[in-house]
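This report covers internal cavities, aromatic contacts, selected buried residues and backbone angles. Please read it alongside the sequence and coordinates shown below.

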Amino acid sequence: MKKKLMKISAVALCALTAGASAFAFTACGNGGAKLLDENIIDDNYDNYYQIFVRSYCDSDGNGVGDFNGVTEKLDYIRDMGYTGIWLMPINPSPSYHGYDVTDYYDVNPDYGTLEDYDNLVKKAHEKGIKVIIDLVVNHSSDQHPWFKAGAAFQNGQGGDSKYAGYYNWSAIPQNKYTQIGNVYYESQFDKSMPDLNLSNPVLRNEVDNIIKFWISDRNTDGFRLDGCYYYCSTGTTDSAEFCKFIHDTAVKYNENAYIVGECWGPNRNVLESTFYQSGIDSFFDFDVTNEVVKAVNNSSASSMWNSVNKTYSAAAGNIAAPFLSNHDNGKGRIAGRVARDEDKIKFAYGLLSMFSGNTFTYYGDEIGMTAVRTSSDPDLRIGMLWDDVANVTTPPPGASANPEYLFGSVKDQSEDANSILNYYKLCNNARNAFPALMRGAPQRIAYDDSEVVIMKKTYNNTSVTVVINTAVTDKEVGGIEGTLAQSICIKGSISSKGSLLKMPARSIAILT
């Protein structure tokens, strides 16, 4: 695909009609592979798509993305092969990002109403898409009525002792505490985000009610847990114990609730030994991005295999959660991590798609979006480019004035069979067609080539063999058992003759 350099000062161009949200995969492209019939299993394994609502799609022309905009794009999301969406914080908040909540029982009015949210969930379920939302209970906003009442009580100005017990206080200065009046409150992330006292049984009952509200009353399918490594400053064991409380509460209201934790900080051993013991389904694996980038840049089969194996092992029999980009990745989106090289952008996602567990895609990665800067948090939330029509949303405060849409819009790429978008679609289709890709334990098959990795995955007595040529040159790979069922190529196509595969550069073969 020819690169299209588009540095646009405004962001989130949204198609004018709902009917423009889904585009057909009209050609074979990407190595001549055709989409396969899906074999979707009703469990908690899914291809997830992460959405920052404010920057995704504006349905009413007021410059802000909203729930109805997401609803309009559900056909597009499902057509891309995603079976789950994660909505970043949707509660009322004084910030653009929403991670300082002022009301856990309502939605940000910029995004719409609770009825709009309910309609989004209903329509998503009709299309076979699950909806999980951010649950931000490590801290609240300092503008939350709980905190205001608690701070007033601590300072002898009325208030309410109940809400004072929701937070952690000190009479003397401490590290990562902020002064208010004559006392100090714990604020591990920011002074505007006072930490909640999660050991307080009254607060735990409140969290129980919050979980019930979103799962039982609103039919939400689960949560992404923000900052769960920091739940308790007393240590990881206590933080993991609160994860268990959340898990046990959620499954009380929906036995199939899916929960994924953002546990930034510990290595995989701590995830395996401590946090996965909580019963939480998944924790994001923050090492995967660097390892996949290394495999792509160095044509390293060992880097790829080691990452696949370690990620699966760390999940300890649960559901691994590998990803390439998200808003927590300070080094920027995957396109920037691989030098904005289209072939590398594609192959990075191809490799990710061969991991067991649930992959998570950050909105816009499927069209190669990035920004001029990478270190700014708002730069990681630039607007989704749907079309070249100037139906523009407001950029997040502090975002770069020059977001980069180097490879064209969703509409452009949908009409190009060799685009990044259609490569992503092909990868998701393979994961949906072969249940063992998501669910099987990876087993490496020895092969004497440092640029080729071969692994077998088995689920319910059905196996697939994955052969990956990480090299930038064509290869012949011999001694391979099975029938070529799908090829994922950037250029050219894979051919098989007996046990010999002829594989173009950076290609993936799936055999049954």
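A cavity is defined on a 1 Å grid over the protein atoms alone, as a set of points where a 1.4 Å probe fits but cannot get out; its lining residues have an atom within 4 Å of a point. Grid points are joined across faces, edges and corners, and a volume is the space filled by probe spheres set on the points. The model is predicted, so local features need pLDDT of at least 70 and side-chain atom pairs count only at pLDDT 80 or more, while totals for chains, interfaces and linings use all residues. Residues are numbered from 1 along each chain as its sequence is written, and side-chain values use heavy atoms, with hydrogens and water left out.

**Cavities**

Searching the whole structure gives four cavities of 30 Å³ or more. The largest cavity holds about 60 Å³ of space. Its lining consists of Asn39, Ile40, Ile41, Tyr45, Asp46, Thr83, Arg431, Asn432, Met438 and Arg439. Helices (H or I, at least four residues) and strands (E, at least two) are DSSP runs, numbered from the N terminus. At least two lining residues of the largest cavity come from each of α14 and α15 (435-439). Sorted by class, this lining has four nonpolar, three polar and three charged residues; here Ala, Val, Leu, Ile, Met, Phe, Trp, Tyr, Cys and Pro count as nonpolar, Asp, Glu, Lys and Arg as charged, and the others, Gly among them, as polar.

Arg431, one of the lining residues, is placed in helix α14. Arg431 is buried, at a relative accessible area of 1%; buried means under 20% relative accessible area, exposed over 50%, and partly exposed in between (1.4 Å probe, protein chains only). Contact means heavy atoms within 4.5 Å. Not counting residues up to four places away in sequence, Arg431 touches Asp46, Asn47, Leu352, Ser353, Phe355, Gly357, Asn358, Thr359, Leu437 and Met438.

**Aromatic pairs**

Rings of Phe, Tyr and Trp (its six-membered ring) pair if their centres lie within 6.5 Å; planes under 30 degrees apart count as stacked, over 60 as edge-to-face and the rest as tilted. The count by this rule is 36 aromatic pairs. Tyr56 and Tyr363 form an edge-to-face pair, because their ring centres are 6.1 Å apart and their planes stand at 85 degrees. Tyr56 is in the loop between β1 (48-51) and α1 (67-72) and Tyr363 in the loop between β11 (360-362) and β12 (370-371), so this pair ties together parts 307 residues apart in sequence. Tyr56 is buried, with a relative accessible area of 0%, and Tyr363 is buried at 0% as well.

A stacked pair is made by Tyr349 and Tyr424, at 3.7 Å centre to centre and 5 degrees between the planes. This pair also links distant parts of the chain, with Tyr349 in helix α12 (residues 342-352) and Tyr424 in helix α14 (residues 420-433), 75 residues apart. Tyr349 is buried at 1% relative accessible area, and Tyr424 is buried at 1%.

Ring pairs also join Tyr48, Trp86, Tyr258, Trp264, Phe284, Phe286, Phe323 and Phe360 into a cluster.

A charge sits over a ring if NZ of Lys or CZ of Arg is within 6 Å of the ring centre and within 35 degrees of the ring normal. Lys73 lies over the face of Trp386, 4.2 Å from the ring centre, and Arg381 over the face of Phe52, at 5.2 Å.

**Ile468 and helix α9**

Ile468 belongs to strand β16 (residues 462-469) and is buried, with a relative accessible area of 1%. Beyond its neighbours within four places in sequence, Ile468 is in contact with residues including Met304, Phe347, Leu351, Met354 and Glu451.

In helix α9 (residues 288-298), the buried residues are Val288, Thr289, Glu291, Val292, Val293, Ala295 and Val296. Their cover includes α8 (268-273), β9 (282-285), α10, β10, α11 and α12.

**Positive phi**

Most residues other than glycine have a negative phi. Ser299, just after α9, takes a positive phi of about 50 degrees. Two alanines with positive phi are tabulated.

| Residue | Phi | Place | Relative accessible area |
|---|---|---|---|
| Ala316 | near 55 degrees | loop between α10 (301-314) and β10 (321-322) | 36%, partly exposed |
| Ala339 | about 60 degrees | loop between α11 (334-337) and α12 | 61%, exposed |

How values were computed
1 Å grid on protein atoms, 1.4 Å probe; cavity = no way out; pocket = protein on both sides within 12 Å on 5 of 7 lines; lining within 4 Å.
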